[in-house]
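Biologist: Could you take me carefully through one part of this model, namely a covered strand and its surroundings?

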Amino acid sequence: MQRDQHMLSASVRLTKDIPKDILNENQRIAIEHDQGPMLILAGAGSGKTKLLTHKYSHLINKFSKSDNEATILALTFSNNAAEDMRKQISNLLSQENENINLDDNWIGTFHYMCNRILREDIHAIGYHNNFIVYDSFDQSTLIKHILKDLNIYEALYMGIASKIDYFKTSMITAEELLQKGSGYDFDEKIVKVYTRYQDELKKTCVLDFNDLVMLTIKLFEEHPDILDKYRNLFTHILVDEFQDINFAQYKLLLMLANSNNNICVVGDDDQSIYKFKGSDVDNILTKFEQDFPKSSIVKLEQTYRCSQNILDASHSVIHKNINRRSKQLWTTKGSGEKVNHHWFMTEEEEARYITKTIKDLYLKGDYTYDQIAILFRVNLVSKVLENQLKAERIPFNVIGDTNVFLNKEIKDIVSYIRLTLNKDDNVSLRRIINTPPRGIGSATIKKIELLAKKEGISLYQAAKNTLDLKGISSLIKDKLSSFIALVDDISSQSYENVVEAIKYIDNLIGYTTTLDDEQLKSIFELMSNNADTKLVRFLDTVSLKKETDFVSDKGRISLTTLHNVKGMEFPVVFITGLEEGLLPHFKASSSSSELEVERRLFYVGMTRASDKLFVTGAKKRRIYAKYQTQEPSRFLLDMPRECCHWAVQQPIVIQSTLKHIQPSPVLVAPTIFPYNTGCRVRHPKWGVGVIRDCYGENDDVRVTVNFPDVGIKRLALKFANLERI
DNA sequence: ACAATTTTTGTTTTT
DNA sequence: CAAAAATTGT
C-alpha cells in the first residue's frame, strides 16, 4: 500500500480532465468507456489500481453534472483494498469538491455488500434482521460439535468444512445433494453434516460467509422488487480481482448488472490463486464474454514495474500454463539485473544468505528495509528466517499471520455482545456459559444439549427448560437460573454503543478481574477503537474484517506468503523454498488445474519485484517434527538461463522422478510418491487413516498409518491396497 | 467441577 | 513442534 504512494502523489496534481500525460492509450480507453460491459485484462504492474480509482472518479465527475448522478458499486477482494481505494478516490475527488465522505459509497468486498443488503431486507426471506455472522472459527466450532454429535471422527472437520464451503459457493444445497444422489462425488456423511449445519444456522438465525452471498441471491430471486431496487440504484459496477470470484458471486453479479450492463471487471487470469476457496478462473477466461457478448475488451500489457529480465523469466514460467489468455507484457525499463537463483544444503544456510544479502543492500545504501520482501508458500517456512533476521537485528514485519485469530478475551466479549442481540446463538452461548467459571460444567452442558436436540430448540431455550426437569440438583438449578437471568438482563438493555455494552456486561460478570495485564490491554484497545460504534456494526466489523494491524511497515522488511503479497510491489524480492512439495505444495499437486494455481503463485511472487529478484531453495528442511530432503522445484526449470544468474553450489540435476513429469507439455501429477506424511488413505479393512511416516524405495516402500479405530499399523505399500483420498 | 498431565494430531492459502 | 483433545487426580 505504501508502494502506491508515488502513484497517489502523481495523481494529486490532476485537475478535472483525465490526465492524459500519465495514462497510456489503453488505460485511457478503459477509463473513458462508460456504457456497456467491459473486460479489462490487467497484467502485473500495469497500473490497475490507478485505472480503477481514476475510472471511479471519472464516472462521478462526468455524471455529477447530469440529472442522474452515478452510483457506483465497486467490489474489491479484501477490506484493505477497499480502504485503499476509498482513500485514493477521495484524494482524486477532493480537488473539485470539498469534504468528500465516501463511507457510504458502495466500495467493499462482496461480503460487505451482501451484509449491507441483507441487514436491510433479509426479513423478506424469514430471517431476523439482527442475524449474526459467523467467521470461519465459529463455523469450525459448530461443525466439530455436529460431528461429535453424529459420531463422526472429529478430526475430519477441516475437510468437511471445506467441502461444505465448496457446495455453498457452487450454490448446491443439501436438499439438492440428497435428491441427486451420487452426482458430485457423493458422501452420505458429508451431506448429513451439511444438512445439520444448515439447519442449525437457520434455527439460530446465524449466517456464515457463504450464506451472505447465497441468501442475497435467494432474496433477489424471491423478491424481484428488491433486486430492482438495487439494479436501479447502481448505475455502474466495477469489479476488481475478477479472476478470483466464485460461482455464487458471479451469479450475483449477473443479477445485479442492470439493463445498461454498465459492468466493468478487471483482473488477470495469471493471478488467480484462490481456487481452494472456490474461485473460478473460467469467469475471466470465458464466461464473462459469453454472458456479455457485447463487451469491450482491453488489455493492459505495459508494465511499469518489472525490469525486462524479471519479465522474461516470469513470462516463461507462466507460459507453461495451458489454461490462460495469451498476453505479451512489455516494459520500457531496461533489461535490469538477472534473476538470482541459489540452492543451499540447509534451510539455515538459505536464511543466512538472505539475511546477509539484505544487510549488504541496506549498508550500501541502495535500499531501505521497507523496499525488501521475503516470500514463501507456507508460513512454517518463515520461522527460520525470522530467527536469522532477529539475530542480525534486521527489523521485519510478518504480514497476515494466519493464526492471528482474535484473542480469547475478545472472542469471549464478542460472544456476550452477540447474545445481547440473539440469545439463540449456540456457539456463543456455549463459549461463555462457563466463562468466567460459574459452576456449570460439562455434565450439565451435556444435559442441556441433549434436551435441545430432543426438542429441536436452542441451547438457551433448553437451559431454561432444564429448570423444570426432575432429577437435577437444586444447586445446579440455582446456577443455571442465575445464568439465564444474566442473559435475559444483558439482552433486555438497549446500548448506545459497544463500550457501554462491555461496561454493563463486565459489571455483572466481573470478567475483566480474571484477566492479566496483556489481556486487559487488548480489551481497552477494543473499547477505545469502538467508542461510538453501534452493536450490529461492531459485530459485522469483527466477523467481516480481519484484524490486520495497521502497523506502519516503515523501515521494516516484509515477510509474507505468496497469497498475501497479491497487489504489492517491492524493489527487492526473495522467494524462498523453491522445492518440490513446497512450491508446488504437495497438497495442491493432485490435478493439473491445481498445479497451474501453484505455478501462478510463483508467477505472482516473481512479478512483485521491480529491480532484484532472488529465488532460493534448500535441500534439507525441517517440516514440522522432522527433517526432509527436498528436491528443486520443477518451476525452476522454466526460467530461461539467459536472464538468470545461477549461483549453484551443486548443479541442479533434475532427478529421475522429475523426468517423468517433464516430457509432456500438459502437466501431469507426479505419481512416483503419492504417499506423503499427512495424506489420508483408505484401507479396505481398517478404513480411513493418516500416513505418519513413509520410507523405503521402489518396490519396498513402507508406510506407517494411523487408523483412528485400529491404531498404528506398518504396511508394505505394495500389498496394502491403500487408496489415497 | 476443574486443574494438571498425558496423548494425539495436524499440518496451504482466507473473505 | 505446538496446539488441541483426552485422561487423570484432586
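Modeller: What follows is a close look at one strand, its partners and the loop after it. This is a predicted model, in which local features need pLDDT of at least 70 and side-chain atom pairs count only at pLDDT 80 or more, while totals for chains, interfaces and linings use all residues. Residues are numbered from 1 along each chain as its sequence is written, and chains are lettered from A and ligands numbered from 1 in the order in which they are written.

Strand β13 spans residues 570–575, where strands (E, at least two residues) and helices (H or I, at least four) are DSSP runs numbered from the N terminus. Five of the six residues of β13 are buried, that is, 20 or more other C-beta atoms, placed from the backbone, lie within 10 Å of their own. Two strands pair if DSSP finds at least two bridges between them, and β13 pairs in the parallel sense with β10 (residues 372–376) over four bridges, with isoleucine 372 standing opposite valine 572 in β13. Strand β14 (residues 609–623) also runs parallel to β13, the two being joined by five bridges, and here phenylalanine 570 stands opposite alanine 609 in β14.

Turning to the loop between β13 and α25 (592–606), one finds proline 584 there, and the peptide bond that leads to proline 584 from leucine 583 is cis, with omega near 5 degrees. Another cis peptide bond joins threonine 435 and proline 436, with omega about -5 degrees, and proline 436 has its place in the loop between α18 (426–432) and α19 (442–455).

Key:
A residue is buried if 20 or more other C-beta atoms lie within 10 Å of its own, exposed if 12 or fewer, and partly exposed in between; C-beta atoms are placed from the backbone.
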